[in-house]
Number of protein chains: 2
Amino acid sequence: MRVTIYEVGPRDGLQNESTVVPVDVKREFIGRLAAAGLTTIETTSFVHPKWVPQLADAEELLDSLSRVPGVSYPVLVPNERGLDRALERGVRDIAIFASATDTFARANLNRTLESQFEMFEPVVARALDHGMKVRAYVSMCFADPWEGPVAPAQVVEVGRHLLDLGCYELSLGDTIGVGTPAHVTALLEAFQDARTDVAQLAVHFHDTYGQALANTLTALRMGVTTFDSSAGGIGGCPFAKSATGNLATEDLVWMLDGLGIETGVDVCELASTSLWLAGKLGRPSPSRVVQALAKEL
Amino acid sequence: MRVTIYEVGPRDGLQNESTVVPVDVKREFIGRLAAAGLTTIETTSFVHPKWVPQLADAEELLDSLSRVPGVSYPVLVPNERGLDRALERGVRDIAIFASATDTFARANLNRTLESQFEMFEPVVARALDHGMKVRAYVSMCFADPWEGPVAPAQVVEVGRHLLDLGCYELSLGDTIGVGTPAHVTALLEAFQDARTDVAQLAVHFHDTYGQALANTLTALRMGVTTFDSSAGGIGGCPFAKSATGNLATEDLVWMLDGLGIETGVDVCELASTSLWLAGKLGRPSPSRVVQALAKEL
């Protein structure tokens with residue numbers, strides 16, 4: 001069995017770190033991620049620099065990146081202006097960022113739950129016309145800070161809408177990290193009931209409450225084969241103001257290695273990369289594996 | 001469904017912290033653990049103070065402890081001298097500490113894998129004669145730092161021997177924290193094949209490589225209902241020299257709450273206790289839940 005690790009460190013990770021790292025550090029980071037065996041590396045975002053100053057150098061980074069054959073370097077695209085920028089740079093894979101809750105759609109996208117699709121529709125349609133692949137993040141799939149727990153049926157409705165637009169994959173995000181395995185099961189079962197192919201579902205867990213790996217294991221047992229994670233667990237959670245962000249890629253790889261599931265990732269090489277990056281970010285990696293291996297590397 | 005959390009913070013946790021906390025802090029810690037709803041709290045150890053100076057105040061602590069009815073306060077007893085001390089103090093529940101590997105038995109117990117039972121036999125027999133309950137820790141059940149991975153059959157042999165002596169429960173420990181869910185499944189299946197009642201099995205995971213909760217979930221799914229953890233995740237791992245020790249009780253309770261499994265533990269009250277103790281230990285709690293709730297408590 002082989003699974004896909006969708007590495008979000010350079011985008012979701014660095015976007016939520018308070019330290020802004022220079023473009024040459026990002027370039028080296030991405031190069032080292034590919035060298036460690038990662039084959040899908042979300043590289044940056046075409047969000048307006050006013051909102052995400054950490055990724056203001058998107059064009060400069062893409063122009064100077066050495067691309068490894070066989071590795072994809074998707075870029076987050078929030079809207080049509082972002083898509084224009086992606087097209088100018090010849091980007092092949094993009095991701096859009098949707099919300100499963102109305103309150104977060106209003107807070108983050110300045111749209112309602114329903115009207116967000118009007119924003120995405122031309123983005124996805126034009127991207128597909130240009131032969132791009134479009135992934136859709138669905139954030140706040142388990143709970144959001146305002147509405148509390150989110151009903152699986154609501155997430156399925158949002159997700160089905162995005163798949164119907166032409167997205168090839170949904171990344172179901174527990175943006176605030178409060179979900180537990182029972183909720184994961186309920187959400188994936190709701191998608192099954194709606195006849196969604198599990199191959200179209202990825203999961204994206206934050207370790208804010210220590211649940212990320214147990215949730216990932218639950219999804220794996222239910223047939224999910226694409227897992228989002230960030231090298232070293234960088235990222236934090238912008239809503240919980242916690243030091244702990246995305247599931248650390250190293251902790252995920254450690255488990256998958258133990259399960260005999262192929263990832264192609266060299267966990268020691270990856271942990272070395274995270275240690276090096278932690279020096280640049282000025283804080284220790286929250287990854288347990290990185291901390292444990294730090295004594296040996 | 002209801003499970004038992006076997007709280008090891010005051011013994012396994014404090015024993016592996018570099019800071020030695022005063023007896024009145026231990027007393028308050030244990031009192032607050034019971035107030036938060038924990039019903040089994042391993043209190044201290046009758047190991048010689050030369051080996052574990054952190055717990056040299058065992059008698060003083062036991063003499064001054066306010067016991068809550070319905071809560072058990074087991075004590076670790078390494079040998080007959082330890083048992084004498086336990087009997088003098090009227091202790092009702094004890095735990096012995098065995099090894100699943102020969103190298104660790106030699107290093108930690110100064111015995112071979114086989115000869116450790118000669119040491120335990122009179123301890124367990126006398127304890128049972130006095131109406132005590134005896135739990136057996138089996139350490140290094142997944143791997144040890146010298147021998148690498150440990151075969152499940154070897155662990156089963158050690159465990160069966162301890163049950164045959166009269167121990168009511170085995171605590172299967174991943175002392176260095178390297179195990180993953182597949183290994184947990186293999187070990188529990190090996191015990192099933194040897195016709196061991198799963199009610200006699202507890203699991204004891206360390207979060208050194210971030211696997212503790214995923215491993216616990218795996219054991220829960222296989223019918224295990226007793227889980228060792230330490231409040232705030234205190235303890236470190238004496239072999240990996242990692243800041244991350246036992247599975248944090250808060251992270252475990254968060255998952256069990258989400259699964260609708262009763263524990264009787266108030267996670268906020270427990271996290272407050274761990275934050276207070278972290279101040280005494282002079283280092284932040286490694287528990288994700290404690291870190292996340294710290295902003296709200």
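**Exercise 1. The interface between the chains**

Task: State how many residues chain B and chain A each bring to their contact, and find how much area is buried between them.

Solution. The contact takes 32 residues from chain B and 32 residues from chain A. The model is a predicted one. Next, the area. About 2,600 Å² is buried between chain B and chain A. Carbon and sulfur atoms give 57% of that area. Last, the main contributors on one side. Tyr209(B), Trp254(B) and Arg288(B) supply 29% of the area that chain B buries against chain A. No other three residues supply more.

**Exercise 2. Two helices of chain B**

Task: Decide how α10(B) and α11(B) are oriented to each other, and describe the residues of their contact.

Solution. Start with the geometry. Helix α10 of chain B spans residues 249–258, and helix α11 of chain B spans residues 267–281. They pack at an angle of about 170 degrees, with their axes 10 Å apart. An angle over 145 degrees counts as roughly antiparallel, so α10(B) is roughly antiparallel to α11(B).

Now the residues. From α10(B) come Thr249(B), Glu250(B) and Val253(B). They meet Val267(B), Leu270(B), Ala271(B) and Ser274(B) in α11(B). The residues of this contact divide into 4 nonpolar, 2 polar and 1 charged.

Stay with α11 of chain B, which also holds Glu269(B). Its relative accessibility is 35%. Partly exposed covers values between 20% and 50%, so Glu269(B) counts as partly exposed. Beyond its neighbours within four places in sequence, Glu269(B) is in contact with Ala35(B) and Ala36(B). Glu114(B) is 155 residues from Glu269(B) in sequence and 44 Å away in space, C-alpha to C-alpha.

**Exercise 3. The nonpolar core**

Task: Give the number of residues in the largest nonpolar core and name those with the most contacts inside it. Then list the contacts of Ile94(B).

Solution. The largest nonpolar core has 201 residues. Those with the most contacts inside it are Ile94, Leu162 and Leu172, each in chain A and in chain B. Take Ile94(B) and set aside its neighbours within four places in sequence. Its contacts then include Val75(B), Val77(B), Leu83(B), Ala86(B), Val123(B), Ala127(B) and Met132(B). Lys133(B), Val134(B) and Arg135(B) are also among them.

**Exercise 4. Buried or exposed?**

Task: Classify Leu163(B), Val68(A), Asn110(B) and Arg195(B) by accessibility, and place each in its element.

Solution. Leu163(B) sits in helix α7 (residues 152–165) of chain B. Its relative accessible area is 9%, so Leu163(B) is buried. Outside its neighbours within four places in sequence, Leu163(B) is in contact with Tyr168(B), Glu169(B), Leu170(B), Thr196(B) and Gln200(B).

Val68(A) lies in the loop between α3 (58–64) and β4 (75–76) of chain A. At a relative accessible area of 37%, Val68(A) is partly exposed. Apart from its neighbours within four places in sequence, Val68(A) is in contact with Ala34(A) and Tyr73(A).

Asn110(B) belongs to the loop between α5 (102–109) and α6 (116–129) of chain B. Its relative accessibility is 70%, so Asn110(B) counts as exposed. Arg195(B) is in the loop between α8 (181–193) and β10 (201–205) of chain B. With 75% relative accessibility, Arg195(B) counts as exposed.

**Exercise 5. Backbone angles**

Task: What is the phi of Asn110(B), and what is the phi of Arg195(B)?

Solution. Phi of Asn110(B) is near 60 degrees. Phi of Arg195(B) is near 60 degrees. The value for Asn110(B) is positive, in a residue other than glycine. For Arg195(B), a residue other than glycine, phi is positive.

Conventions
Residues are numbered from 1 along each chain as its sequence is written. Chains are lettered from A and ligands numbered from 1 in the order in which they are written. This is a predicted model: local features need pLDDT of at least 70, side-chain atom pairs count only at pLDDT 80 or more; totals for chains, interfaces and linings use all residues. Side-chain values use heavy atoms; hydrogens and water are left out. A nonpolar core is a set of buried Ala, Val, Leu, Ile, Met, Phe, Trp, Tyr and Cys residues joined through side-chain atoms within 4.5 Å. Buried means under 20% relative accessible area, exposed over 50%, partly exposed in between (1.4 Å probe, protein chains only). Contact means heavy atoms within 4.5 Å. Axes are lines fitted to C-alpha atoms, for helices over the stretch in contact, and angles run from 0 to 180 degrees between N-to-C directions. Helices (H or I, at least four residues) and strands (E, at least two) are DSSP runs, numbered from the N terminus. Angles under 35 degrees count as roughly parallel, over 145 as roughly antiparallel, 65 to 115 as roughly perpendicular and the rest as oblique. Ala, Val, Leu, Ile, Met, Phe, Trp, Tyr, Cys and Pro count as nonpolar, Asp, Glu, Lys and Arg as charged, and the others, Gly among them, as polar. Buried area is the accessible area (1.4 Å probe) that two parts lose on being put together, summed over both.
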